[in-house]
Amino acid sequence: MQQLMPFQEATAAAGLRTLQHPTGPRRFLVADEVGLGKTVVAQRILHGMLEGRSTPLVVLYVCSNLAIAYQNVQRLAAVLPEEEREQACCDVDRLSLLPSTQPPSHPRLHLYSLTPHTSLPQWSGSRGGIWVERALLEILVERIAPEFLAGRPEPFSRGVKDWKQKLAWMRGSVTSVDKVSAALLEELFAEFKVDSRQRLLEVLKATQDELAIIMSMRNALASAGIRELRPDLVILDEFQKFRDLLSVDGTGSEKQEEDRVAARLIRGHGKHRHGLLLLSATPYRLFTRRWEDASEGGHHADFFELIEFLAGGHEHGRELRRECERHFVRLGEALRRGEPGAPEAGEARRQLTTRLAALMARTERALHPAGWEEHQTEPLPAGIPSTAFQVYRHFVGCLAEDHKSWAVPYWNSIPLPMQTLGSRYQAWQKATRRARPGDLEFTQADRDAFQLQEPLPHARLAALFGKLPPSRLALPWLAPSKPWWPLSGQWKDAGTDMDKLLAFSRFRAVPHAVAALLSFQLERHFLAQQGLAYEAVSQRRLLTLRRDRLGLLALFHPSPWLIENTDPRQAQDEDLRGSLRQQLREALARARVPMRDHASTRPPWSLVARLDRLESARPWIRKAWEKIALKDEASEASAALDQWQHEAGLQLGPISDRELDSLADWALTAPGIVVGRALRRHWPQAVGKDGFASTLSASWKGLRSYLDHPLFAAILQAGQDHEGFPHAIRRAVEAGNLESVLDEHFWVLGVLSGTSGDELASSLEAGLRVHTSNAYFHPLQGERTFSLRCHVALPMTEARMQVEEDGTERSFRPDELRKAFNTPFWPHVLVSTSVGQEGLDFHAWCSSILHWDLPTNPIDLEQREGRIRRFAGRAIRRALAERFTEHEPKDMSPWVFHAGQAQQQLADASGLCPWWVYPGATVHRYILDVPLSEESARLASLKEERWLYRLALGQPNQEDLIQMLMGRISPSEVQDVMLCLSPWFLEKRSQGPAIPVPPESPP
């Protein structure tokens, strides 16, 4: 389980007291600011609830989408030893399927996850559900109401292919049919408000809408599921996205009668009461504008309704709400007088803290002396070229009259809007598509010729191209935060400040257009002169194993002998090859291999094959290669492996000085060696019998497949006309410090997600295999769309399509895209809509954010930046790398060592420093400064509102209050008088001295 920091421990302890209270409402909210580890706090609460139990702790985790669920359930399961976690997690993510599913087998913890829109039929847009639910219903209804099936042909199978096969599969999967049937019948009585089977049949027969019947039956199944589950704890994560779920609270409420499933999820069933743990950085609208207050109730209503809910509702909850409202009125009066530090304001804050601390906790960076930032944002000049006005004239001329008001916003934000908006926009659907002489169009012929209009006819995109030229985007991996030796080549030109970029837009057409055109611009730069057809680029393979390419096999082979006997970090100076040569000489001497010059020099692959059998047979090497390489390249790969095996069986014989030099160079630059050695620092079994296959798969199926692209060949061979691609890869491995990058990445995986052992290898492979999708462009006239590849930049809106090596597409979830972005490899740019704004972390290798369009609310600004301002992020690691410049021990990962140093030397009593706040840990923020736009003025207003909104907590008419306070109170004064609901900081304030601010550099 991840080690908690003091501020997290304090929050977990407060939550545990409330959730285990024998008579209280057992509801607690963790509302920590984005990026401060709410899931880790929940994990610690689970750990506390597990103590002393004799029966399994049943936990139901609820969130808005399955990508977040998958990410966070893995973290919650880390409360158990790694080898036990799979036993605790249930794969089924729908309540309706739980009655027919065996519970997890773990004796102490049963962990379920679901989303309201898949598990609560009343909340779903699909009344019919999925075929698995309907197949289960048909099997059960056969038992309890066969007459219903006799009277209606195929009520459950309509529209489903291969229904009989699927039904047969379901029959073989369902356990305890009699028990589940009885539970369904009981719930159907309640669902249809009947008291007998005969009456139920009458109601079903009288209902003509079959989808309505199916939805009611799904609801009954889900209700049976939650009843049988009897959870001890329900976790509602980012619950503001399904806030209406809380409205079923209250005995006899209309919504409770309408949706029994949601009511049981919130209140329990009968005498069974479970704990409710709510997690959200924005549990109520932290700040609302005047129009939102008028039309939606706004912050004031949200906040006090939540207080009433947390206090258990009923009279006790309403009374606590009234008390809090009175104290907030007193506080608001002082604020409006401009006296936030007045005694009556202080007393109101004290009374509020006393009442709210048992219900909620909120820790913010702003409570820490080093947590205040000026939020400096760099405007990128985005001059409007004349060609952009040509695009506008064409666009506005195409739009229908009732959509012309959208012309400027769309044109300003979306590149080539008539070609990229698409059918999801009504404005595009109703537009008149035409092309006249002089209209600018990006055509399929332009794509095939690798041509793009210059100057680029879009101000924002042109500015982004200027910020991210091809020379910076082209790097196959980022430079490490702390290089082990000087960067060279393209990495030296880019510098250690080369960073990934996370961009946000409010229009869903922007991510696809921007990602595709950024990727195309890179291809133009490197492939235009290659003579390749555009469509052929993704089909061409350069690193395919053949019988005459044993050097390629050796290149990605994680040789156990070389990995165990070489380490470039042992070099005492910058003579890396000299050090490796000496290490090899000593290892060969231990193995009694003589050194002797001879006439011929054997190729490195021959030496590597023989070295791996030097001290033991290692038969598992061949088995691993057969399992991994033969799957896709059977005949040629088999012949190559036979030849490799034959070579491995030959005597090594004496080694010459030239062969020793080539082995030293191979040990430093071969990617397979580098992957294996980096893994072995964090997973000692990486190249042993139990780990070799996973390491080989990460190298061969992961890194080789990733690099096997004509674009990488052009990038790495640029300026080296006579150099082969494999040699260019080896040169890049050294120039770009790949081993240092991987060491840092494996450390990051461990501390951010608890990844360890063979999961490190599989995680690397998974991240490397998500790197291509397609975006589609429409011609100005005609129906035939054409596609552009997205690779160095990818869009994130919802489920996307990934292009496989054979050209086919498959859908992949946002979680896969998140994992790929959280590696040092491509994509270097992720362009998202609001779907990536909450709940997902993108900070592992990214510390730069671009507000393609500014949000209207300061909270949205914080949510966006919270994606990269998180624990041990790229910005923090860079700052720590500058702080710790001394040499590290040679026998361990430098990041393991420096993390220990940072904790010992820089950690403060709260635990926020240095992993969340640290001087010099700079997040780079950008906006696009289009002439005559209001972006800069809006940004200045948002930044001031960003710290003032903390004073407006619980106040009506927040926007008016903040306007009144602007210019009259400084950020440091806000820090002194803001309401504190952080358990750790509350205790610290009661004890006395302030937390010291750490220095930026060593004293």
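**Entry 1: Glu-187 and Arg-260.** I looked up the burial of this pair in the predicted model and found both Glu-187 and Arg-260 buried. Their side chains form a salt bridge, with N to O at 2.8 Å. I then checked where the partners sit: Glu-187 belongs to helix H9 (residues 177–192) and Arg-260 to helix H13 (residues 260–267), so the contact links distant parts of the chain, 73 residues apart. I followed the contacts outward and noted a network of salt bridges that links Glu-186, Glu-187, Glu-191, Arg-227, Glu-228, Arg-260 and Arg-264. For the whole structure, my search returned 56 salt bridges.

**Entry 2: Asp-302 and Arg-243.** Next I took the salt bridge between Asp-302 and Arg-243, whose closest N and O atoms are 3.7 Å apart. Asp-302 lies in helix H15 (residues 298–310), while Arg-243 lies in the loop between strand S4 (233–237) and helix H12 (254–258); the two are 59 residues apart. Is Asp-302 buried or exposed? Asp-302 has a relative accessible area of 9%, so I entered it as buried. Arg-243 comes out at 17% and therefore counts as buried, the cut-off being under 20%.

**Entry 3: Glu-783 and Arg-433.** I recorded a salt bridge between the side chains of Glu-783 and Arg-433, at 3.7 Å from N to O. This pair links distant parts of the chain, 350 residues apart: Glu-783 is in the loop between strand S9 (773–777) and strand S10 (786–790), and Arg-433 is in the loop between helix H21 (426–429) and helix H22 (444–448). Glu-783 counts as exposed because its relative accessibility is 68%, and the class begins over 50%.

**Entry 4: the negative patch.** On the surface I found a patch of negative charge made by Glu-82, Glu-83, Asp-758 and Glu-759. I placed Glu-82 in the loop between helix H3 (66–77) and helix H4 (85–88). Its relative accessibility is 30%, so I list Glu-82 as partly exposed.

**Entry 5: helix H41.** How many of the eight residues of helix H41 are buried? I counted six in this helix (residues 814–821), which is why it is largely enclosed by the rest of the structure. The buried ones in H41 are Pro-814, Asp-815, Leu-817, Arg-818, Ala-820 and Phe-821.

**Entry 6: the sheet.** I traced an open sheet of six strands with parallel pairing, in the order S3-S2-S4-S5-S1-S6. Strand S3 (109–114) and strand S6 (360–361) are at the edges with a single partner strand each, so one side of each has no neighbour in the sheet. S3 pairs with strand S2 (residues 57–62) in the parallel sense over six bridges. Within that pairing I noted Val-58 opposite His-110 in S3.

Key. Residues are numbered from 1 along each chain as its sequence is written. This is a predicted model: local features need pLDDT of at least 70, side-chain atom pairs count only at pLDDT 80 or more; totals for chains, interfaces and linings use all residues. Side-chain values use heavy atoms; hydrogens and water are left out. Patches are made of residues with over 30% relative accessible area and no salt bridge: like charges are joined within 9 Å, nonpolar side chains (Val, Leu, Ile, Met, Phe, Trp, Tyr) within 5 Å. Accessible areas come from the Shrake-Rupley method with a 1.4 Å probe; for residues, only the protein chains shown count as cover. A salt bridge is a side-chain nitrogen of Lys or Arg within 4 Å of a carboxyl oxygen of Asp or Glu. Lys and Arg count as positive and Asp and Glu as negative; His and the chain ends are not counted. The place of a charge is taken as NZ of Lys, CZ of Arg, CG of Asp or CD of Glu. Helices (H or I, at least four residues) and strands (E, at least two) are DSSP runs, numbered from the N terminus. Buried means under 20% relative accessible area, exposed over 50%, partly exposed in between (1.4 Å probe, protein chains only). Two strands pair if DSSP finds at least two bridges between them.
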